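Visitor: I would be grateful for a close look at one part of this model, the metal site, together with an account of the parts of the chain around it and elsewhere.

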Amino acid sequence: MVQPTTLGEFIVENQKDFPFATGDLSHLLTSIRLAAKVVNREINKAGLADILGAMGQDNIQGEAQQKLDVMANDTFMRALRSMGQVCGVGSEEEEHYISFDDDIHREAKYVVLMDPLDGSSNIDVNVSVGTIFSIYRRITPTGTPVTLEDFLQPGDAQVAAGYVVYGSSTMLVYTTGNGVNGFTLDPSIGVFCLSHRDMQIPKSGNIYSVNEGNYVHFPQGVKEYIKYCQQFDAASGRPYTSRYIGSLVSDFHRNLIKGGVYLYPTGTMAPNGKLRLLYECNPLAFIVEQAGGTATNGKQRILELQPSELHERVPFFIGSPEMVDMAHAFLRRYEEE
Ligand code: AHM
Ligand code: MG
């Protein structure tokens, strides 16, 4: 029987492709892999914990039930702190960045930005959720405490990024700038196995993903693009299909595989959109570009934006390159009028 390549083997085999590799990044990815398995286990028993909670018990272990997004944050923080490669972490769950300020971690080269449990409002209804992460080399010298400047780097400076989707199966997808690879968790042995080698997003597709409840608040160019997606045109396969889970990682993952476009534009209710540049948009933008796709704020590449704050929001257009281009054409046309 042919043995699948495991994530652990893949990380080690590909370490040589990484410039200046000392093994630190490999160790860091190993911590993320471990935390992902722990979070996966907790999410899988969330429904059961609710039943026991409703029966007056706390949860299976008899502990008070912790909110899953807090649990995911704690789990990833602990895993990232447990090894010596990370000097600080910015998280959606934390107002300020966390500095790992001790003798060992001050010497570390990397900072991590993460959304530990994206789409967590979906857990109650058994819909897939995800973790998103982004890794940078620090700018400040090693041996000193990390500063905000280390986190506010443009996405082009990322050395690695990835996501975990806790879905009908659990997958970890990541890039270190040499293409995108996906690993599916085999729950029977607790190992991520290489299942999607060198992922490429189709140049075009027939899926558009947007929260159409916000339609009346969108810029005219976005409204017109949505109408274009809905119009009949046999040659280009329209109308497109509308698919919106409301869980960014899942919506992105589907479009990456099938081809499609995801939009979270500005709106009168959300002047900068909703999604966060540093730990939602940048990592997915790095992945999509590595897979041959495009990610912009409607005008500029996401990866070129200079962040100004940790929890900054930006409008987000991501997916198959020809579809994002077409959305841009509509934005430009209606901006000019
Ligand atoms: P969260 O980080 O608070 O979970 O919010 C991000 C989520 C994304 O997963 C999803 O794409 C988006 O919010 C959905 O927002 P909306 O409900 O406005 O469509
Ligand atoms: Mg989020």
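Guide: What follows begins with the metal site and then moves on to other local features. The model is a predicted one, and every value given here is computed from it.

The magnesium ion (ligand 2) is coordinated by four residues: Glu92 through OE, Asp115 through OD, Asp118 through OD and Glu280 through OE. The coordinating distances run from 1.9 to 2.6 Å. Along the chain, the donors of this magnesium ion follow the spacing E-x22-D-x2-D-x161-E. Glu92 lies in the loop between β1 (86-91) and β2 (98-99), whereas Glu280 belongs to helix α8 (residues 277-290), so this pair ties together parts that are 188 residues apart in sequence. The accessibility of these two residues can also be stated. Glu92 is partly exposed, its relative accessible area being 29%. Glu280 has 4% relative accessibility and therefore counts as buried, the cut-off being under 20%.

Beside Glu280 in the sequence stands Cys281, which is buried at 0% relative accessibility. As to cysteine pairing, the structure holds 0 disulfides. Cys281 is in no disulfide, and the nearest cysteine sulfur, that of Cys229, is 19 Å away. Because a disulfide requires sulfur atoms within 2.5 Å, that separation does not qualify. Cys193, at 10% relative accessibility, also counts as buried.

Cys229 leads to helix α6. Of the 11 residues of α6, 8 are buried, so this helix is largely enclosed by the rest of the structure. The buried residues of α6 are Gly221, Val222, Lys223, Glu224, Tyr225, Ile226, Tyr228 and Cys229. In the loop between α6 (220-230) and β10 (241-242) lies Pro239. The peptide bond leading from Arg238 to Pro239 is cis, with omega near 5°.

Backbone geometry deserves attention at two further positions. In general, most residues other than glycine have a negative phi, and most peptide bonds are trans. Asn126, although not a glycine, has a positive phi of about 60°. Asn126 sits in the loop between β3 (110-118) and β4 (129-137), and it counts as exposed at 73% relative accessibility. Asp198 is likewise not a glycine and has a positive phi of about 45°. Asp198 is placed in the loop between β8 (191-196) and β9 (207-209) and is partly exposed, with a relative accessible area of 45%.

A buried histidine comes next. His105 is found in the loop between β2 and β3, and its relative accessible area of 7% makes it buried. Leaving aside residues up to four places away in sequence, His105 touches Arg81, Met83, Gly84, Val86, Cys87 and Phe100. Its C-alpha atom is separated by 8.7 Å from that of Pro145, which is 40 residues away along the chain.

Arg81 is part of helix α4 (residues 68-82), which packs against helix α2 (residues 24-44) at an angle of about 155°, with the axes 9 Å apart. Angles over 145 degrees count as roughly antiparallel, and α2 and α4 are therefore roughly antiparallel to each other. Their crossing is right-handed. On the α2 side the contact is made by Leu28, Ser31, Ile32, Ala35, Ala36, Val38, Val39 and Glu42. On the α4 side the contributors are Leu68, Met71, Ala72, Thr75, Phe76, Ala79 and Leu80.

Methods. Residues numbered from 1 in each chain as written. Chains lettered and ligands numbered in written order. Predicted model: local features only at pLDDT ≥ 70, side-chain atom pairs only at ≥ 80, totals over all residues. Heavy atoms only, no water. Buried < 20%, exposed > 50% of the residue type's maximum accessible area, 1.4 Å probe, protein only. Donors = N, O, S within 2.8 Å, 3.2 Å for Na, K, Ca; no water. Helix = DSSP H or I, 4+ residues; strand = E, 2+ residues; numbered from the N terminus. Axes fitted to C-alpha atoms, helices over the stretch in contact; angles between N-to-C directions. Parallel < 35°, antiparallel > 145°, perpendicular 65-115°, else oblique. Left-handed = near helix turned anticlockwise from the far one by under 90°. Contact = heavy atoms within 4.5 Å.
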